[in-house]
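The questions below ask how certain labels are earned. Each answer sets a value against a cut-off and then concludes.

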Amino acid sequence: MKAAVLNFPGSNCAEDLLWAVGPIAGAHAEIVPATATDLTGYDLVLVPGGFSYGDYLRSGAIAKFAPVMPALRAFAEAGGYVLGICNGFQILTEAGLLPGALQWNRDLTFICEPEPLVVENATTAFTRRYTAGQVITLPIAHGEGNYYADDATLTALEAHHQVVLRYQHNPNGSCRDIAGITNEAGNVMGMMPHPERAVEALLGGTDGLGMFESLMEVCDGAYA
Ligand SMILES: NC(=O)CC[C@H](N)C(=O)O
């Protein structure tokens, strides 16, 4: 699997993500600046967490105009796998690659804590190494993680099994406890928790590793 980790001005998780998907999971991975205009040749594009363009206006609202975004859109429309984590999820919703929006947390505070999550859909390219109903613990670290979508959108998300991760104890006010979703085609996923911060015992847990292993399995076949 060849993975690109996008890097916007203000991203602060690109190196962590590179470490998780590269040396830890075993992919060929490299950092690609937001000024790039071509993403051909990659199997997976990762959109990292952080504060792209200082989170000015709204998280992700400026990043959606970055030079790399037309290439990211073309990559996604061609069926390439895209995973947006935290600010990456915010960027994907702002860009319209995923439905809904991330609002300020219910209590208007930045929350940084390990969070138990239920794997709702274990058939996706991002979660096939888990089992349905499995509870995993991943860190969250965000101010604007309160997922919102209108009722029709939420109903469609549920009907098409696009809700992939739900908070067990909703920390931020997200509609229907949603922590992560895919697009209808299933090749684009966004999630507020950080799987790359849970890939080694040294980090306090390895529950995030399954996401990168799932993608390795889908892109490269059997994963040892
Ligand atoms: N770690 C992150 O990506 C979170 C940053 C994000 N912009 C926020 O909502 O605070």
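A residue is called buried if 20 or more other C-beta atoms lie within 10 Å of its own. The model discussed here is predicted.

Q: Why is Glu-196 called buried?
A: Glu-196 has 30 other C-beta atoms within 10 Å. The cut-off is 20 or more, so Glu-196 counts as buried.

Q: Where is Glu-196 found, and which residues does Glu-196 touch?
A: Glu-196 is in the loop between strand 11 and helix 5 (209-220). Leaving out residues up to four places away in sequence, Glu-196 touches Cys-13, Asp-16, Leu-17, Ala-20, Ile-85 and Gly-208.

Q: Which residues does the "active site" annotation cover?
A: The UniProt annotation, from an unreviewed entry, covers Cys-86, His-194 and Glu-196. They are spread over 111 residues of sequence but cluster in space, with a largest C-alpha distance of 11.0 Å.

Q: What makes Cys-86 buried?
A: Within 10 Å of Cys-86 there are 29 other C-beta atoms. Buried requires 20 or more, so the label applies to Cys-86.

Q: Where is Cys-86, and which residues does Cys-86 touch?
A: Cys-86 is placed in the loop between strand 4 (81-85) and helix 3. Not counting residues up to four places away in sequence, its contacts are Gly-49, Ala-141, His-142, Met-192 and His-194. His-194 shares the "active site" annotation with Cys-86.

Q: Which residues come nearest to the ligand?
A: Of the 14 residues around the ligand, those that come nearest are Gly-49, Cys-86, Asn-87, Gly-143 and Glu-144. Helix 3 (87-94) and strand 7 (135-142) each supply at least two residues of this shell. By class, the shell has 4 nonpolar, 8 polar and 2 charged residues.

Q: Why is helix 3 described as largely enclosed by the rest of the structure?
A: Helix 3 has 8 residues, and 8 of the 8 are buried, so the description follows. They are Asn-87, Gly-88, Phe-89, Gln-90, Ile-91, Leu-92, Thr-93 and Glu-94.

Q: What covers the buried residues of helix 3?
A: The cover includes strand 3, strand 4, strand 5 (101-103) and strand 11. Just after helix 3, Gly-96 takes a positive phi of about 80°.

Q: How do you know that the span of helix 5 agrees with what is expected?
A: Helix 5 has 12 residues, and at 1.5 Å a residue they should span 16 Å. The expected span is 1.5 Å times one less than the number of residues. The end C-alpha atoms of helix 5 are 16 Å apart, so the two agree.

Q: Which residues of helix 5 are buried, and what do they pack against?
A: The buried residues are Gly-210, Met-211, Phe-212, Ser-214, Leu-215 and Met-216. They pack against helix 1 (14-24), strand 3 (44-47) and strand 4. Just after helix 5, Gly-221 has a positive phi of about 85°.

Q: What makes Ala-25 buried?
A: Ala-25 has 23 other C-beta atoms within 10 Å. The threshold is 20 or more, so Ala-25 is buried. Ala-25 lies in the loop between helix 1 and strand 2 (28-33).

Q: How far apart are Ala-25 and Leu-209 in sequence and in space?
A: The two are 184 residues apart in sequence and 7.3 Å apart in space, C-alpha to C-alpha. Leu-209 is one of the residues that Ala-25 touches. Also among them are Phe-212 and Met-216, and both of these are buried residues of helix 5.

Q: Why does Arg-197 count as buried?
A: Arg-197 has 23 C-beta neighbours inside 10 Å. Since 20 or more are required, Arg-197 counts as buried. Like Glu-196, Arg-197 lies in the loop between strand 11 and helix 5.

Q: What makes strand 10 and strand 9 a pair?
A: Strand 9 (residues 163-167) and strand 10 are joined over 3 bridges in the antiparallel sense. Pairing needs at least two bridges, and the 3 bridges here satisfy that. The bridge partner of Leu-165 in strand 10 is Gly-180.

Q: How is strand 10 joined to strand 11?
A: 3 bridges join strand 10 to strand 11 (residues 188-191), and the two run antiparallel. They form a hairpin with 5 residues between them. As for cover, 5 of the 5 residues of strand 10 are buried.

Technical notes:
Residues are numbered from 1 along each chain as its sequence is written. This is a predicted model: local features need pLDDT of at least 70, side-chain atom pairs count only at pLDDT 80 or more; totals for chains, interfaces and linings use all residues. A residue is near a molecule or strand if its C-beta atom, placed from the backbone, lies within 6 Å of it. Helices (H or I, at least four residues) and strands (E, at least two) are DSSP runs, numbered from the N terminus. Ala, Val, Leu, Ile, Met, Phe, Trp, Tyr, Cys and Pro count as nonpolar, Asp, Glu, Lys and Arg as charged, and the others, Gly among them, as polar. A residue is buried if 20 or more other C-beta atoms lie within 10 Å of its own, exposed if 12 or fewer, and partly exposed in between; C-beta atoms are placed from the backbone. UniProt positions are given in the numbering used here, feature names are shortened, and annotations may be inferred rather than shown by experiment. Two residues are in contact if their C-beta atoms, placed from the backbone, lie within 7 Å.
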